[in-house]
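Let's take a walk through this protein together, starting with the whole and then stopping at a few residues along the way. Have the structure open and turn it as you read.

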Amino acid sequence: MRAYFSLITLAPLALSACGDPAPTYVDQAWVRLSPNKDTPSSGYFVAHGGDADTALRGVLTDYALKVEMHESMSEGGKMTMKPLDSVPIPAKSKVAFAPGGKHLMLWGVNDTAISRGKMTLTFLLANGDRLLVDAIIQKPGAVTPAAKPEEHKAH
Ligand SMILES: [Cu+2]
């Protein structure tokens with residue numbers, strides 16, 4: 001379990017030493033850029049719970065004017081969404097922000113990030129951890145996210 005965990009670990013966790021509790025981490029982050037500058041873009045990722053329960057309290061970035069956490073739901077056959085203040089990430093769980101469900105809304109994604117094709121997001125956890133994760137920016141009309149093949153099939 002520990003060996004597998006460290007193999008798939010990306011940047012932010014290099015400080016964790018042997019015997020430390022497994023931390024919560026985030027990966028597979030991507031942003032679907034809105035075709036229209038006046039409407040928000042959406043962001044998706046997967047949060048992986050560590051050894052202890054925590055919660056996601058918000059997401060910050062230097063590369064957009066504003067970020068909110070939302071959840072889409074259908075009410076009486078109509079899709080609506082509501083803002084989320086906090087999203088629980090139970091120990092050992094996998095919490096996905098994915099199209100049609102929980103998502104980030106990002107207003108005013110900046111041109112530098114767009115031309116670079118990625119933007120850094122900072123995930124604020126209830127336990128005080130801040131996770132910096134690069135999200136790939138998917139331009140409008142692009143086919144699918146840079147997801148792993150098995151997830152691609154599940155769509
Ligand atoms: Cu939304």
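What percentage of the 155 residues in the protein is buried? Buried residues make up 26% of them. Keep in mind that you're looking at a predicted model, so it's worth checking the confidence before going further. The mean pLDDT of the protein is 86, and 79% of its residues reach 70 or more. The start of the chain is another story: over residues 1-8 the pLDDT is below 50, and this stretch has one contact in the model beyond near neighbours in sequence. At residues 147-155 the pLDDT stays under 50 too, and there the model has three contacts beyond four places in sequence.

Now for the overall layout. The secondary structure comes to three helices and ten strands. If you read along the sequence, the pattern goes α-β-β-β-β-β-β-β-β-α-β-β-α. Contacts often reach across the chain: of those with a separation of 6 or more, 65% are between residues 24 or more positions apart.

A good place to begin is strand E1, which covers residues 25-32. E1 is mostly covered, with six of its eight residues buried. Look at what E1 pairs with. Strand E2 (residues 41-48) pairs with E1 in the antiparallel sense, over six bridges, and within E2 you'll find Ala-47 standing opposite Val-26. Strand E10 (residues 130-138) runs parallel to E1, and three bridges join the two. There, Arg-32 has Gln-138 of E10 as its bridge partner.

While you're on E1, stop at Gln-28, which is found in that strand. Gln-28 isn't a glycine, yet it has a positive phi of about 55°. Is Gln-28 buried or exposed? It counts as buried, because it has 21 C-beta neighbours inside 10 Å and 20 are enough for that label.

There's another positive phi to visit, this time in a loop. Lys-92, again a residue other than glycine, has a phi near 60°. You'll find Lys-92 in the loop between strand E6 (87-89) and strand E7 (94-97). Lys-92 has 14 C-beta neighbours inside 10 Å, so it counts as partly exposed.

Move on to strand E7 itself, where Phe-97 is found. Phe-97 is buried because 24 C-beta neighbours lie inside 10 Å. Which residues does Phe-97 touch, not counting those up to four places away in sequence? They are Tyr-44, Phe-45, Lys-102, His-103 and Leu-104. Try tracing the chain from Phe-97 to Gly-43 as well: the two are 54 residues apart in sequence, but their C-alpha atoms are 7.8 Å apart in space.

The last stop is Val-59, which is found in strand E3 (residues 54-60). With 23 other C-beta atoms within 10 Å, Val-59 is buried. Leaving out residues up to four places away in sequence, Val-59 touches Val-67, Met-69, Leu-104, Leu-121, Thr-122 and Phe-123. Leu-104 may ring a bell, since Phe-97 touches Leu-104 and Val-59 does as well. How many residues apart in sequence are Val-59 and Thr-122? They are 63 residues apart, while in space the distance from C-alpha to C-alpha is 5.5 Å.

Key: Residues numbered from 1 in each chain as written. Predicted model: local features only at pLDDT ≥ 70, side-chain atom pairs only at ≥ 80, totals over all residues. Helix = DSSP H or I, 4+ residues; strand = E, 2+ residues; numbered from the N terminus. Buried ≥ 20, exposed ≤ 12 C-beta atoms within 10 Å, placed from the backbone. Pairing = 2+ DSSP bridges. Contact = placed C-beta atoms within 7 Å. pLDDT = per-residue confidence, 0-100.
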